[in-house]
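Please look over the fold shown here. The notes that follow cover its helices and its nonpolar cores.

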Amino acid sequence: MSGDNSGMETNPITISLQDDSPGYEISPARVPLTTLASFAGDVRDFLKGTEKDGDADAAEVAVVHGSLAVQSPHFASPSLIHDLQMLATSSDLGLIDPKRRAVVQRWQSSAHKKPSMKIRIETRQGAVIAISSQTNFRAENEQRLVSVERYIRGEVVDLGGATQPNAHIKLPDGKTLVVRTDRDLIRSETENHLYKQVHLRIRAKLDLETGDLSEAHLVEFVHYSPQFDEAAFARLTARGDEAWKDVDDAAEWVRHIRGATD
């Protein structure tokens, strides 16, 4: 890690992803690009947390066999050390940082949907935190997820899928949201949306604490193309001028209608 961390305890950490759902065992030599991007983003968010007491953006990491693992030998963050200790002894995510909690919840949700997926977090103390279809990491005393319907805007960076069609939407804040869809909805679109800015109506789960969306499902593509009709605006302006032509003081007229007194 770049920067001066003298006096701060470092915590070497390796986070690995195991998954053979693409039809092969992923590794540094072969991995779907979207999987690599989302895993790297999750690792960054997990290291960073909300307290930002470690510089995750400047962390020096190595991609090693794990099947796919990100290894940070010198990352310094007191809050991360605390949260790793909590995860090693409890499945209650209410005990850790909200941002890290959201990452673990995403990993846990994905593992429940894809039993072949496993996450392993190995620390300097030799502790191994495993997240799989057999684990149940969740916030025991919190109910932060609510069902919402939202309009979102972003760039479609991936669209389709052989078994579970979805759209990967890059949001304005740089995050990527995976939105579940279906072939008929994609097929019915006459416009090719790939690598274009789109507006979508979705149903999803909203995390009330972090504001993150998850389990998103596409309702429809919203064909939104705002434009200014100069002729229509001129007609409306002319009507307004005609209606108010006998009123000398519009503000006084409004006060009179409201019954205002000096």
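## Cores and helices

In this predicted model, W107 touches I15, F39, D42, V43, F46, M117, I119, I121 and I131, leaving aside residues up to four places away in sequence. A second core, separate from the largest one, has 15 residues. Among its members are I169, L185, V198 and A204.

What is the make-up of the largest nonpolar core? It holds 28 residues. Those that touch the most other members are I15, F39, F46, W107, I119 and I121. Two or more residues each come from β1, α1, β3 (68-72), α2, α3, β4 and β5. The largest share is from α1, with four residues. In soluble globular proteins, nonpolar side chains tend to be buried together.

Two helices can be checked against the span expected at 1.5 Å a residue.

| Helix | Residues | End-to-end C-alpha distance | Expected span |
|---|---|---|---|
| α1 | 16 residues | 22 Å | 22 Å |
| α2 | twelve residues | 17 Å | 16 Å |

For α2 (residues 78-89), the distance between the end C-alpha atoms agrees with the expected span. For α1, the reach is close to the expected value.

Next, the buried faces. In α1 (33-48), the buried residues are F39, D42, V43, D45, F46, L47 and K48. They pack against β1, β3, α2, α3 and β4. The list includes D42, D45 and K48. After α1 comes G49, with a positive phi near 65°.

Which residues of α2 are buried? They are S79, L80, I81, D83, L84 and L87. Their packing partners are β1 (13-18), α1 (33-48), α3 (98-113), β4 (118-123) and β5 (128-131).

Now back to the second core and one of its members, A204. This residue lies in strand β9 (residues 197-207). Is A204 buried or exposed? A204 counts as buried because its relative accessible area is 7%, and the cut-off is under 20%. Residues up to four places away in sequence aside, A204 touches V146, S147, V148, L213, S214, E215 and A216.

How far apart in space are A204 and A232? Their C-alpha atoms are 38 Å apart, and 28 residues separate them in sequence.

Methods:
Residues are numbered from 1 along each chain as its sequence is written. This is a predicted model: local features need pLDDT of at least 70, side-chain atom pairs count only at pLDDT 80 or more; totals for chains, interfaces and linings use all residues. Side-chain values use heavy atoms; hydrogens and water are left out. The expected span of a helix is 1.5 Å times one less than its number of residues. Buried means under 20% relative accessible area, exposed over 50%, partly exposed in between (1.4 Å probe, protein chains only). Contact means heavy atoms within 4.5 Å. A nonpolar core is a set of buried Ala, Val, Leu, Ile, Met, Phe, Trp, Tyr and Cys residues joined through side-chain atoms within 4.5 Å.
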